[in-house]
Amino acid sequence: MLHVLAEMPVQPWLIAVLAVAAVGIVLALLAISVYNALVRYSTGYQNNFAQIDVQLKRRHDLIPNLVEVAKGYMGHERGTLEAVIAARNQAVSGLAAAKANPGDAAALAGLSGAEGALSGALGRLFAVAEAYPDLKANANMMQLSEELTSTENRIAFARQAFNDAVTRFNQYRRSFPPILLAGLFGYGQDAAMLEVTPTERASLQQVPAVKF
Amino acid sequence: MLDFQAQQDQARRRTGVLLAMYALGLVVVAALTAPIFVLILVAVTNSRSKSAEAVFHVLEHPVNFMATGWGQTVLTGAALFTAAVMLGASLHRLAVLRGGGGVLARELGASLATAGSEDPQERRLLNVVEEIAIAASIPTPPVYVLREESGINAFAAGYAPSDAVVVVTGGMLRRLNREQLQGVVAHEFSHILNGDMRLNIRLLALLHGIAALSLIGRVMLESGRYSRKGGGLMLPGMALLIIGAIGAGVAALIRAAISRQREYLADASAVEFTRNPAGLAGALKVVGGAGPHGRVTSARASQCNHMFFADGRASLASSLLASHPPLADRIRRLDPTWDGRWPASQVEEAPEVGRAAAPWAAAALADVRTSIPLAPAATAVPARPAAANAGSAAVAGWSAQIVLQRVQSARTRIDAIRPELLAAARDAFDAQALLLGMLLSRRPEIARAQADAIADTLGVAVQLRATALQRLLLVGEAKETRLPLVLLALGTLANLSPPQYRKLRDALDRVLAANTKMDLFKLCVQRMIAAHLDARHGGDARAVVQYYSLARLGPECSTLLSAVAAAGGKELTAEETDVLVRRSGEPLKLPGLLRGRSAAELRAVAIHDALARLGEASAPLRRRVVECCATLAGADEVLHHGESELVSAIADALRVPLM
């Protein structure tokens with residue numbers, strides 16, 4: 001029997017078939033892990049968006065109270081007050097749209113535009129309120145503006161975390177080999193970050209600086 | 001409490017036996033498959049037409065074949081190859097599963113439950129998780145919800161407590177009341193603390209290794225079958241398939257048996273946490289009564305059947321392979337008076353109004369108190385250990401006293417926290433500021449340096465908030481609620497992004513460096529923060545054990561025990577400290593190595609390093625050290641709340657669950 005083994009030739013094509021099969025298995029495993037990673041990163045930034053959502057809602061909920069208190073003192077400044085309410089409602093719908101689609105560039109651009117406009121309107125409100133010392137001294141007003149300030153900080157923090165998560169997703173999606181499979185799995189587009197619009201940047205510098 | 005210890009030991013013993021059987025099974029499978037690979041090699045290295053012939057030749061004269069050098073090489077090679085395949089597959093699976101609990105939760109498409117959620121049931125869930133986490137003295141893990149899933153189930157995932165997450169189905173949120181939810185969450189926490197997930201992951205990985213062999217066999221069988229001339233591969237292929245299948249079957253049986261033991265253990269531990277068997281029993285009854293509607297149906301979630309609270313599979317035909325004990329058995333162990341009838345499927349419970357819906361709404365700017373506390377308020381527990389015997393039973397009694405006190409007061413402690421501090425602990429931005437504020441010194445020069453460090457790394461806004469929160473923290477009753485706040489804040493900070501985490505760590509290091517004389521509690525907090533944040537964000541959740549004996553850690557033990565003595569509030573002389581340290585340190589078995597250090601000698605850095613090095617000792621040693629600290633703390637016969645908090649902090653800094 002030994003001579004049978006000694007004489008046998010190695011069959012190259014069979015080895016080749018086995019090799020291809022092994023490679024195939026490896027590729028399949030790779031594809032599975034790429035898919036899971038894409039799901040993981042995308043769920044990750046969606047979860048982070050939920051955190052921003054919480055803070056933005058908080059901001060939106062504070063504003064009607066603020067306007068109510070201010071109305072008691074500066075009833076003539078109807079234009080300014082109404083502008084704030086209008087901007088706030090715009091921001092609320094912008095948030096709803098973005099929440100439905102957290103990675104979508106258009107929705108997020110709409111959201112940051114609306115929030116920026118809201119910051120602008122608030123800035124103008126506080127600027128006008130400077131002329132009403134009674135309003136400044138009101139306890140509710142002080143508490144509400146303090147809450148607003150801290151909310152701004154939290155929004156900035158949550159936004160940072162969201163943008164980091166989006167960056168991580170995008171980097172992974174664009175790397176090799178995920179880029180080959182991403183389109184196949186339904187992740188053909190980069191996720192968008194929540195940018196700070198120029199208006200918002202300018203007015204952010206204003207709102208926290210208000211001292212009561 | 002001691003009865004629970006006995007149960008735990010029994011479950012651990014049984015697990016050990018089963019693991020040994022598992023290992024034996026692996027060896028047998030490997031031994032059986034090596035010859036198969038030999039045959040495969042023979043078949044493969046022959047021409048197609050002669051392969052079947054060659055294989056039969058080998059089978060007829062195996063001894064001759066094995067006697068040759070060629071035969072032995074092939075056999076060794078085959079054995080190694082088998083081992084490599086099994087090991088490779090196991091490691092691959094292990095790597096995937098060890099990615100962390102959050103990884104798995106997100107892969108299933110579960111969404112994070114946040115404190116500001118609109119759904120009152122999610123907020124209720126978060127409150128429950130917080131209570132149990134505080135009772136167990138671990139940071140609140142992230143909580144994920146499988147919202148679309150209407151089955152009633154939950155699981156805990158992750159490799160270690162600092163890595164853990166809890167995942168709950170939407171069906172569970174809607175169908176269980178608060179008491180039952182609490183029982184389930186406590187059950188999941190028990191899994192986390194008993195290391196069941198780690199065990200399960202290892203077993204799964206090994207199982208995967210055996211299954212890989214069977215897979216290869218199947219591939220060969222089919223390739224042999226479909227090719228007319230490839231007959232030689234069929235026989236070894238079939239043999240491999242059969243052996244692999246049998247091996248995998250046996251391994252699965254053993255794994256299921258281990259899993260059932262751990263489930264009983266988790267049920268028992270849950271009762272220890274909540275002191276309320278009715279909650280968990282009620283939840284199990286609801287699951288049973290829900291029938292097929294209670295089962296998990298989504299395909300992706302069914303990957304995790306093994307981890308679920310109750311067996312989610314539709315058919316429980318093979319009870320030997322079931323990963324969970326039968327529901328009826330579990331209910332009877334918890335509630336011996338049960339009559340065996342399942343409750344009718346109920347309408348979904350209306351959620352109670354717990355925490356305020358929108359804490360920032362104007363009306364709720366006032367104080368918000370929570371729902372009914374579970375247990376009477378904590379009082380100073382007099383020092384009378386449960387067991388009558390002296391020695392180790394007494395020491396166990398001290399740890400037990402501390403746990404009892406925590407369990408009874410977890411809800412009350414959370415309620416006692418000032419709302420501003422509580423809200424701060426639940427928000428990521430403020431949680432950072434809260435932890436930093438806790439570490440700030442009361443001495444102005446040092447506080448200023450620390451504030452500068454914070455402003456440098458994290459920004460002025462954080463620094464201002466930290467200083468403001470520090471003021472709140474120094475107010476009278478706030479001091480007693482520091483540990484729960486730390487645990488809550490650490491839970492919130494689990495969701496930081498990597499750049500944010502790095503900045504925070506940087507700030508923490510600089511704050512510590514600025515203070516030469518930190519008190520023991522702050523040092524423990526600092527270590528807790530470092531350990532938990534690093535584990536959750538940095539990478540390997542497993543700390544590498546450096547010390548298996550305390551022989552080289554004498555100075556560190558002395559330092560720690562002296563620090564505990566110094567924290568007792570009374571001014572002690574060097575001799576008194578020495579006596580106390582030696583007496584309480586007896587169980588450590590370090591004759592002559594323990595030396596009390598007076599308060600003046602103790603430096604913050606030394607204590608910090610002592611905690612760090614003791615943290616690298618093996619688990620039994622760490623437990624012993626904590627128990628000695630507990631004895632020392634209780635040495636003046638009354639366990640004050642502050643001292644129990646200190647011992648809890650030490651236990652957490654050394655990663656010893658006080659159970």
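This passage describes the predicted model, beginning with chain A as a whole and continuing with selected elements of chain B.

Local features are restricted to pLDDT of at least 70 and side-chain atom pairs to pLDDT 80 or more, whereas totals for chains, interfaces and linings use all residues; side-chain values rest on heavy atoms, with hydrogens and water left out. Residues are numbered from 1 along each chain as its sequence is written, and chains are lettered from A and ligands numbered from 1 in the order in which they are written.

Chain A contains eight helices and zero strands, where helices (H or I, at least four residues) and strands (E, at least two) are DSSP runs numbered from the N terminus. Along the sequence, the pattern reads α-α-α-α-α-α-α-α. Of the 212 residues in chain A, 46% are buried; buried denotes under 20% relative accessible area, exposed over 50%, and partly exposed the range in between (1.4 Å probe, protein chains only). Among contacts in chain A with a separation of 6 or more, 81% link residues 24 or more positions apart, a contact being heavy atoms within 4.5 Å. The exposed area of chain A is about 10,200 Å², of which carbon and sulfur atoms supply 60%; accessible areas follow the Shrake-Rupley method with a 1.4 Å probe, and for residues only the protein chains shown count as cover.

In chain B, strand E4 (residues 165-169) pairs with two strands, where pairing requires that DSSP find at least two bridges. Strand E3 (residues 154-157) runs antiparallel to E4(B) over four bridges, with Phe155(B) opposite Val167(B) and Ala157(B) bridged to Val165(B). Strand E2 (residues 143-146) is parallel to E4(B), also over four bridges, and Val145(B) stands opposite Val168(B). Because five of the five residues of E4(B) are buried, this strand is largely enclosed by the rest of the structure. Val165(B), Val167(B) and Thr169(B) point one way from E4(B), and Val166(B) and Val168(B) the other way. In E3(B), Ala154(B) and Ala156(B) point one way, Phe155(B) and Ala157(B) the other, and all are buried.

Helix H14 (residues 419-426) of chain B has as its buried residues Leu421(B), Leu422(B), Ala424(B) and Ala425(B). These residues lie on the same side of H14(B), because they cover an arc of only 160° around the axis, taken from the directions from the helix axis to the C-beta atoms.

Helix H10 (residues 231-274) of chain B includes Val250(B), which counts as partly exposed because its relative accessibility is 41%.
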